[in-house]
Amino acid sequence: NLLSEGDKHDVHWKFGQKLRQLFNSACNLTDIFEVVNHLNKGRKVLFSDILDSRVLELAELNLQACKKAKSSVAAKEALAYVTVALECINKFGEEKRWNEHYDLTFMIYKELADSYYLDSDFENSRATLGLVLGKCKTNIEKANLLLLKLMQQTLQNELRDAVQTGISALSLCGVEVKSSSTEESFQATLQAEIASLKQLVE
């Protein structure tokens, strides 16, 4: 192969950009994976320029690809895409990414926590949730993350912890719930909390 590593990055980046233009002109991003895969392979070209708008664009595309991979039950692929999105947003300092690009940063960390969980990396999932909970601007955002935590605790059969998480989340939305003592009432409380939270935060 006569192409240097730098040339290969450049080819992937230009080809990915061309595919993106073609998809945009057709108002169709159904094959976002092909676009993002080429752009990701050539992203060193982008990072050498550090054009904020293009870095943010690549982060957003990888976030889209992550969500689509999750909907296709492709956990490892989803984690790979959101990891690149995180790499992109981390090109900005912590203060800048949370102050100037808050919405995108928030969504990347939320999807990262969920993707870790789906890939059975429970420790990193909880650590990521803890990190982003400390950055939330609104109670609804906190409640949304706590709903994610509650669902994870429920799936791991940590029902008492899940109920307490649900109570905390509902209280952030102005809803007070009393915890119950029996196992049956815990189950009922938990299901009621999940239903209420979904209505409040979605």
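## Helix α4 and the salt bridges of an all-helical model

Just after helix α4 comes V73, a residue with a positive phi, near 60 degrees. The structure is a predicted model.

**Overall make-up**

The protein has 11 helices and 0 strands. Its pattern along the sequence is α-α-α-α-α-α-α-α-α-α-α. Of its 202 residues, 42% are buried. Now take the contacts with a separation of 6 or more. Residues 24 or more positions apart account for 61% of them. The protein exposes about 10800 Å². Carbon and sulfur atoms supply 52% of that area.

**Helix α4**

Helix α4 covers residues 52-71, which is 20 residues. From its first C-alpha to its last it reaches 29 Å. That is close to the 28 Å expected at 1.5 Å a residue. Which residues of α4 are buried? They are V55, L56, L58, A59, L61, N62, L63, A65, C66 and A69. K70, also in helix α4, is partly exposed at 21% relative accessibility. The cut-off for buried is under 20%, so K70 falls outside that class.

**Salt bridges**

How many salt bridges does a search of the whole structure find? It finds 5. Three of the pairs are set out here.

| Pair | N to O distance | Relative accessible area |
|---|---|---|
| E111 and K70 | 2.6 Å | E111 7%, K70 21% |
| E94 and K135 | 2.8 Å | E94 43%, K135 30% |
| E158 and R126 | 2.6 Å | E158 25%, R126 35% |

Start with E111 and K70. Their side chains meet in a salt bridge, 2.6 Å from N to O. This pair links distant parts of the chain: E111 sits in helix α7 (residues 102-118) and K70 in helix α4, 41 residues apart. E111 is buried, with a relative accessible area of 7%. K70 counts as partly exposed. The bridge is also part of a network, in which salt bridges link K70, E111 and D114.

Next, E94 and K135. Their closest N and O atoms are 2.8 Å apart. E94 lies in helix α6 (residues 94-100), while K135 is in the loop between α8 (122-133) and α9 (139-155). The pair therefore ties together parts that are 41 residues apart in sequence. E94 is partly exposed, at 43% relative accessibility. K135 is partly exposed too, with a relative accessible area of 30%.

Last, E158 and R126. The closest N and O atoms of this salt bridge are 2.6 Å apart. E158 is in the loop between α9 and α10 (159-172), and R126 is in helix α8. So this pair joins parts that are 32 residues apart in sequence. E158 is partly exposed at 25%. R126 is partly exposed at 35%.

**Helices α7 and α9**

Two packed helices are described by the angle between their axes and the distance between the axes. How do α7 and α9 lie, parallel or antiparallel? Their axes come within 11 Å and cross at roughly 5 degrees. Angles under 35 degrees count as roughly parallel, so α7 is roughly parallel to α9.

Which residues meet between these two helices? On the α7 side they are Y102, F106, K110, A113, D114 and Y117. On the α9 side they are E141, N144, L145, L148, Q152 and L155. D114 thus appears twice: it meets α9 as one of these α7 residues, and it belongs to the salt-bridge network with K70 and E111.

Terms used
Residues numbered from 1 in each chain as written. Predicted model: local features only at pLDDT ≥ 70, side-chain atom pairs only at ≥ 80, totals over all residues. Heavy atoms only, no water. Helix = DSSP H or I, 4+ residues; strand = E, 2+ residues; numbered from the N terminus. Expected span 1.5 Å × (residues − 1). Buried < 20%, exposed > 50% of the residue type's maximum accessible area, 1.4 Å probe, protein only. Salt bridge = Lys/Arg side-chain N within 4 Å of Asp/Glu carboxyl O. Contact = heavy atoms within 4.5 Å. Areas by Shrake-Rupley, 256 points an atom, 1.4 Å probe, with all protein chains shown as cover. Axes fitted to C-alpha atoms, helices over the stretch in contact; angles between N-to-C directions. Parallel < 35°, antiparallel > 145°, perpendicular 65-115°, else oblique.
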